Amino acid sequence: MRSDATLQIVLPLPLPQWFDYLPPPGHSPGADDIGKRVRVPFGSREMTGVVAGIGMATGDGPELRQVLELLDAAPLLHGELLASLRWLARYTHAPLGEVLGTALPTLLRQGEPMPDTHAWAWRLTEAGATGRERLRQGTRPRQFADLLQTGARDEDSLDLQMESWRTAARALTKRGLAERVAIPASALAPSPQKGPELHAEQQAAVDAILAARGFAPLLLDGVTGSGKTEVYLHAIADCLRRGKQALVLVPEIGLTPQTLARFRQRLGVPVLALHSGLSDNARARGWAAFARGEARVAVGTRSAVFTPLPEAGLIIVDEEHDGSYKQQDGMRYHARDFALIRGKALDVPVILGSATPSLESLHNALGGRYAHLRLSQRAGDAKPPSVRVQDLRKRPLEAGLSAETMAAISAALEAGGQVLVFKNRRGYAPVLMCHDCGWSAQCKRCGTPTKSSPMTVHGGGRRLQCHHCGARQAVPPACPDCGGLALQPQGIGTERIEEMLMEKFTDVPVLRIDRSTTQRRDALAGHLGKLGDRPGILIGTQILAKGHDLPHLTLVVVVGVDEGLFSADFRAGEKLAQQLIQVAGRAGRAQKPGEVWLQTHHPDHPLLNTLINGGYHAFAHSELEQRQAAGFPPFAHLALLRAEAKHVDAANAFLHAAKSVLPSPIGRRARPVLDTGWREAPDEGAGKFLMAGRTVTSPYPHPNPSPDGRGALNVEIQGPIPAPMSRRAGMHRAQLLLSSPSRRELHALLDAALPAIYELPEARKTRWSLDVDPLDLY
């Protein structure tokens with residue numbers, strides 16, 4: 001019987017299997033192949049995969065297919081990054097191929113070669129140098145030509161020196177007066193600029209960060225406007241002086257241009273952007289520049305956490321509490337948590353910054369697992385905004401705003417300030433209703449007979465859209481039930497507030513900023529640029545609550561506080577508190593004092609009283625006590641098994657089958673203790689256990705062995721139950737919730753059960769997913 005070495009390939013598919021292939025002719029597989037990309041036949045098509053291991057084929061097995069091509073001379077994924085991605089696959093219980101596919105930029109995942117990593121610059125052609133004077137003074141082409149008069153300028157510096165320079169560049173290129181040229185990535189780095197003096201707390205935070213050597217998780221807990229970005233800049237500058245790379249994560253693409261501009265002004269190296277708004281080529285070039293050690297600093301969103309860092313020195317996660325760091329589909333990972341894992345593997349400090357830290361991070365800081373750096377005062381002469389709670393009971397409202405609020409807006413504008421009206425619901429109105437018979441417009445793809453799903457009114461009452469599945473339709477000319485003409489929008493959205501304020505304040509700009517108006521690239525920066533320094537009104541959703549620096553904002557009005565005060569989600573209070581503190585923090589960040597108005601029908605609600613009288617930390621301490629008493633995170637660890645199917649019976653059948661391969665409760669305790677059915681398999685070596693007649697490998701030791709050798713895990717299973725939103729986009733949704741006070745025991749259970757779940761016949765009839773540490777139980 002002959003044995004041959006094979007290449008074990010993982011493919012970017014939601015399949016747990018590794019696939020054995022014969023190597024290409026003349027190639028001898030070895031450990032140095034692990035991490036290389038390959039092109040392989042898969043079914044009737046060709047796919048790009050990654051070598052995950054080296055195996056052996058025997059003549060007794062099925063005939064193996066051959067790798068068509070090795071795409072890399074050296075492993076593309078190797079060292080720390082590959083090891084961290086393997087950890088992520090184990091922790092999320094996701095297929096390794098899906099994890100590696102998520103980590104690679106699209107072009108590299110598709111098998112394209114590593115791109116060139118040069119930078120781009122603009123210079124005048126010979127005709128442009130001699131014909132510059134003939135360009136009309138004051139025009140953009142002339143301004144652009146004047147910038148290039150002394151030599152080539154890289155695109156990063158042009159972004160800082162001239163708005164809309166690309167339009168002028170295209171105009172000069174058509175006339176043969178300017179050209180784009182490739183340059184080395186570091187050839188035209190901007191000169192570093194000196195920043196403001198640090199106050200005492202900032203300096204103490206910087207000193208603590210610079211003193212950290214090796215892995216050190218640090219929670220930079222600073223009130224809004226306290227100068228956390230200045231602390232980041234000093235830490236990055238020190239990292240660069242040591243010849244190291246720095247990675248900065250931000251929660252939203254909209255924050256990237258603002259952060260990039262500030263970093264480029266202050267640091268002496270080019271700063272790369274890494275986010276989904278870039279072209280596939282730009283993302284691949286940025287990834288390759290870091291992999292080759294050429295790039296030094298990157299600012300990116302969630303997926304930037306997968307950037308190679310061969311010379312790592314620092315990782316920063318700004319607004320670490322933000323839910324945008326959690327991937328909610330596909331491979332469900334949390335970028336903040338994975339940044340900490342990478343920081344530990346790379347042996348570098350990781351800074352988590354926020355004015356409203358997540359309860360998980362705050363719990364770790366209070367428990368001594370993270371260094372806790374506090375910034376309790378605003379930078380410079382800025383003062384915290386004053387907060388006023390306005391009781392709306394029995395008051396007439398216009399588009400959700402009271403007469404007193406309208407007067408406050410008018411006074412702020414007359415004083416030369418800017419106003420932010422915050423309403424976390426886009427659209428014109430949440431519901432379209434018939435005033436005659438009570439009919440309301442419902443989404444046919446998301447509603448059920450027992451639970452409706454209203455469509456949101458958009459376009460000033462002309463269009464209906466479901467914010468869950470995206471379905472759109474025109475507003476009917478008459479009520480479909482009674483034929484009446486009394487169709488009326490009910491409730492308030494950002495469009496309705498915008499319409500009313502534009503009618504009331506015709507002499508100032510009124511700008512709406514929500515997902516509908518910021519879909520285009522750099523749209524948010526464009527809107528804020530239109531407002532500039534002059535008086536005006538911003539109407540926005542949570543997009544505006546995330547770290548934006550609006551120095552001329554003097555009044556913040558929060559509309560619809562009550563919507564977040566009563567919710568079945570145990571995280572609702574935390575999310576509302578963070579949202580209110582963050583949006584309130586936009587006011588009064590410069591010399592002008594700020595004011596915040598909270599409109600509510602429940603002025604005596606405990607959450608509001610705690611926030612106003614004690615601040616976020618008083619709320620957090622109270623909330624942590626309640627979470628501990630209830631057994632919720634961070635004092636418990638969750639995993640959510642979701643199922644979706646066109647018929648509810650199929651989703652429930654899968655979950656019941658999955659529950660049947662999970663252990664059954666034994667004993668009588670407050671939290672059921674579950675028998676995993678595991679038996680020690682001493683002949684199989686450490687970490688090997690028997691379950692349902694199969695040997696299962698677990699990275700965890702055998703948990704809580706009982707005297708008879710049976711393993712018992714303290715894991716509670718709830719369900720199957722309908723999801724809070726039981727139907728979306730035509731699919732019925734149900735879920736199984738697993739909870740345990742021990743992370744180790746929860747993962748041991750999942751390790752043991754998932755192979756059997758994958759093999760269930762019901763698993764092929766439904767779309768299912770596992771979410772470890774879910775933020776959203778919806």
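**Surface, cores and a helix crossing**

The accessible surface of this protein amounts to about 34700 Å², and carbon and sulfur atoms account for 50% of that area. The structure is a predicted model. Of its 778 residues, 53% are buried. The chain forms 20 helices and 38 strands. Contacts between residues at least 6 apart in sequence join, in 74% of cases, residues that are at least 24 apart.

The interior may be approached through its nonpolar cores. The largest of these contains 79 residues, and the members that touch the most others are Leu 85, Leu 249, Phe 306 and Leu 538. Helix H18, which spans residues 606–630, is the greatest contributor to this core, with 7 residues. Separate from it is a second core of 32 residues, among them Leu 218, Leu 260, Val 269 and Leu 373.

Leu 538 merits a closer look. When neighbours within four places in sequence are set aside, Leu 538 is in contact with Val 419, Leu 420 and Val 421, with Leu 511 and Ile 513, with Leu 528 and Leu 531, and with Leu 544 and Leu 550.

A further feature is the meeting of two helices. The axes of helix H19 (residues 648–661) and helix H20 (residues 743–758) come within 9 Å of each other, crossing at roughly 135°. Angles over 145 degrees would count as roughly antiparallel and those from 65 to 115 as roughly perpendicular; H19 and H20 are therefore oblique to each other. The crossing of H19 past H20 is right-handed. On the H19 side the contact is made by Phe 654, Ala 658 and Val 661, and on the H20 side by Ala 753, Ala 756 and Ile 757.

Notes: Residues numbered from 1 in each chain as written. Predicted model: local features only at pLDDT ≥ 70, side-chain atom pairs only at ≥ 80, totals over all residues. Heavy atoms only, no water. Helix = DSSP H or I, 4+ residues; strand = E, 2+ residues; numbered from the N terminus. Buried < 20%, exposed > 50% of the residue type's maximum accessible area, 1.4 Å probe, protein only. Contact = heavy atoms within 4.5 Å. Areas by Shrake-Rupley, 256 points an atom, 1.4 Å probe, with all protein chains shown as cover. Core = buried A, V, L, I, M, F, W, Y, C linked by side-chain atoms within 4.5 Å. Axes fitted to C-alpha atoms, helices over the stretch in contact; angles between N-to-C directions. Parallel < 35°, antiparallel > 145°, perpendicular 65-115°, else oblique. Left-handed = near helix turned anticlockwise from the far one by under 90°.
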